[in-house]
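Student: Please take me through a close look at one residue of this protein and its setting. I am new to the structure, so I would be grateful for a connected account that also shows how this part relates to the rest of the chain.

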Amino acid sequence: TGLGVFVKPKSNEQLLQELLQKSYDEIIYRIEKDVEEFKVKTSLYETRPLRAKIGLKEGLKTDARFYVYEYVYNSKTNKAEPKRRGVIRAGSKSKITDNRKVAAGDMGTSKFYQVHGQKLEPGFILQQQNDMGIEISLGAEVGEIGGGYGRLDYRLGRFVGIQSLFVYIEAGFDAGDYPSAGYYLTGEESFVFLRYGGGIAKGMQLTRNLELRPYVGVGIESASNDENSGDDAPSALYFKPGANVALNLTHNFQLTGGIGAYLFISDAESENAGTYEAWDTVFENRVGPSAFVGIKFGF
């Protein structure tokens with residue numbers, strides 16, 4: 001009576017093999033991060049685009065981080081010494097060459113993208129420097145919804161094969177005075193607002209040292225004071241699109257800023273009082289764009 005597609009479930013042996021492979025990959029990644037002898041080293045093959053002759057055989061994964069060095073002669077020591085000129089990362093999975101069965105000849109090249117530093121030249125030396133993939137932003141938002149703000153981004157590239165893809169969690173707080181507006185407030189009252197949420201973001205390099213990162217997320221904001229706390233405190237869900245830019249000061253420290261919009265998708269609600277009116281009616285005009293400025297650390 002109809003057409004269907006039968007998908008054969010994976011056997012226990014296949015699932016075990018996949019689990020073992022993921023565990024092995026994670027162990028190797030951590031060893032490469034900490035043990036000098038395991039760090040991949042090679043030369044930069046070309047620069048437009050950035051390419052190097054390494055690939056899957058060397059365990060290369062999306063967003064793997066490499067420092068790029070130029071060896072400069074030091075007349076005092078009579079030796080050539082490495083000077084770091086930039087930081088690059090491996091591209092998406094489709095840009096990484098599969099050289100696992102290549103023993104000699106043309107090894108193929110993998111594509112990279114630069115995230116910090118100056119103009120690079122062919123022949124510069126790459127050295128793998130794995131990181132934790134964590135970025136922490138701290139600062140303040142300015143707008144009808146403002147105050148202190150923090151965000152943690154986690155890089156997903158090595159798991160999903162898409163470069164500069166992140167998941168993030170965020171939190172913010174501020175305070176304000178709002179008049180009674182259809183809720184059970186009496187006169188103007190002061191409230192402390194807490195919000196937290198999460199979402200997904202995609203980085204795009206505008207220049208070697210400037211990144212644009214659009215994002216979309218969801219979260220919840222709550223309001224409380226002495227009379228309205230715990231189960232009496234109202235809260236509402238929000239949807240938040242936006243974009244941030246980050247300017248490198250060093251490879252792992254940036255000035256960052258951007259703009260996002262808090263769009264509430266549920267009415268004010270509390271455990272004890274139930275559902276009332278729209279959030280920006282209860283707290284008049286508490287909705288819309290907020291600008292962000294702060295600093296960001298990478299780990």
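Tutor: Setting aside the residues up to four places away in sequence, Thr256 touches Ser137, Asn244, Val245, Ala246, Phe292, Val293, Gly294, Ile295 and Lys296. The model under discussion is a predicted one. Thr256 itself belongs to strand β14. With a relative accessible area of 7%, Thr256 counts as buried, because the cut-off for that term is 20%. One neighbour deserves particular attention: a polar atom in the side chain of Thr256 lies 2.9 Å from the backbone oxygen of Val245.

The strand that carries Thr256 leads to the largest cavity. Strand β14 (253–264) supplies at least two residues of the lining of that cavity. The same holds for β4 (79–90), β5 (110–117), β7 (134–143), β12 (210–224) and β17 (288–298). The lining consists of 25 residues in total. Those nearest the centre of the cavity are Arg89, Glu135, Arg155, His251 and Gln254. In terms of class, eight of the lining residues are nonpolar, nine are polar and eight are charged. The volume of this cavity is about 270 Å³, and the structure as a whole holds four cavities of 30 Å³ or more. The general idea behind such a search is simple: rolling a probe the size of a water molecule over the atoms shows where empty space is left.

A separate space, the second largest pocket, offers a useful companion to this view. Its volume is about 190 Å³. The lining of this pocket is made up of Thr47, Arg48, Leu50, Tyr113, Gln114, Lys119, Leu120, Thr207 and Arg208, and these divide into three nonpolar, three polar and three charged residues. Two of these lining residues, Arg48 and Arg208, repay a further look.

Arg48 comes first. The peptide bond that runs from Arg48 to Pro49 is cis, with omega near 0°. Pro49 sits in the loop between β1 (41–47) and β2 (50–52).

Arg208 is placed in the loop that links β11 (204–207) and β12. Its relative accessibility is 37%, and it therefore counts as partly exposed. Beyond four places in sequence, Arg208 makes contact with Gln114, Val115, His116, Gly117, Gln118, Lys119 and Asn248. Arg208 and Tyr113 are 95 residues apart along the chain, and their C-alpha atoms are separated by 8.6 Å.

Another loop brings distant parts of the sequence together. Asn272 lies between β15 (267–270) and β16 (274–278). Whereas Thr256 is buried, Asn272 counts as exposed, at 53% relative accessibility. When residues up to four places away in sequence are left out, Asn272 touches Asp231 and Asp232. Asp232 is 40 residues from Asn272 along the chain, yet the C-alpha atoms of the two are separated by 5.5 Å. Their side chains are joined by a polar contact of 2.9 Å.

Two further loop residues are notable for their backbone. Asp63, in the loop between β2 and β3 (65–74), has a positive phi of about 70° although it is not a glycine. Asp63 is buried, at a relative accessible area of 4%. Ser164, in the loop between α2 (157–160) and β9 (165–178), has a positive phi of about 55° and is likewise not a glycine. Ser164 is buried, at a relative accessible area of 3%.

Finally, these details may be set against the whole. The protein has three helices and 17 strands, and 40% of its 299 residues count as buried. Among contacts with a separation of 6 or more, 65% are between residues 24 or more positions apart. The accessible surface comes to about 16300 Å², and carbon and sulfur atoms account for 57% of it.

How values were computed:
Residues are numbered from 1 along each chain as its sequence is written. This is a predicted model: local features need pLDDT of at least 70, side-chain atom pairs count only at pLDDT 80 or more; totals for chains, interfaces and linings use all residues. Side-chain values use heavy atoms; hydrogens and water are left out. Helices (H or I, at least four residues) and strands (E, at least two) are DSSP runs, numbered from the N terminus. Buried means under 20% relative accessible area, exposed over 50%, partly exposed in between (1.4 Å probe, protein chains only). Contact means heavy atoms within 4.5 Å. Accessible areas come from the Shrake-Rupley method with a 1.4 Å probe; for residues, only the protein chains shown count as cover. On a 1 Å grid over the protein atoms alone, a cavity is a set of points where a 1.4 Å probe fits but cannot get out, and a pocket is an open set with protein on both sides within 12 Å along at least five of seven lines; lining residues have an atom within 4 Å of a point. Grid points are joined across faces, edges and corners, and a volume is the space filled by probe spheres set on the points. Ala, Val, Leu, Ile, Met, Phe, Trp, Tyr, Cys and Pro count as nonpolar, Asp, Glu, Lys and Arg as charged, and the others, Gly among them, as polar. A polar contact is a pair of N or O atoms within 3.5 Å; within protein, one must be able to donate a hydrogen and the other to accept it, and residues adjacent in sequence count only if both atoms are side-chain atoms.
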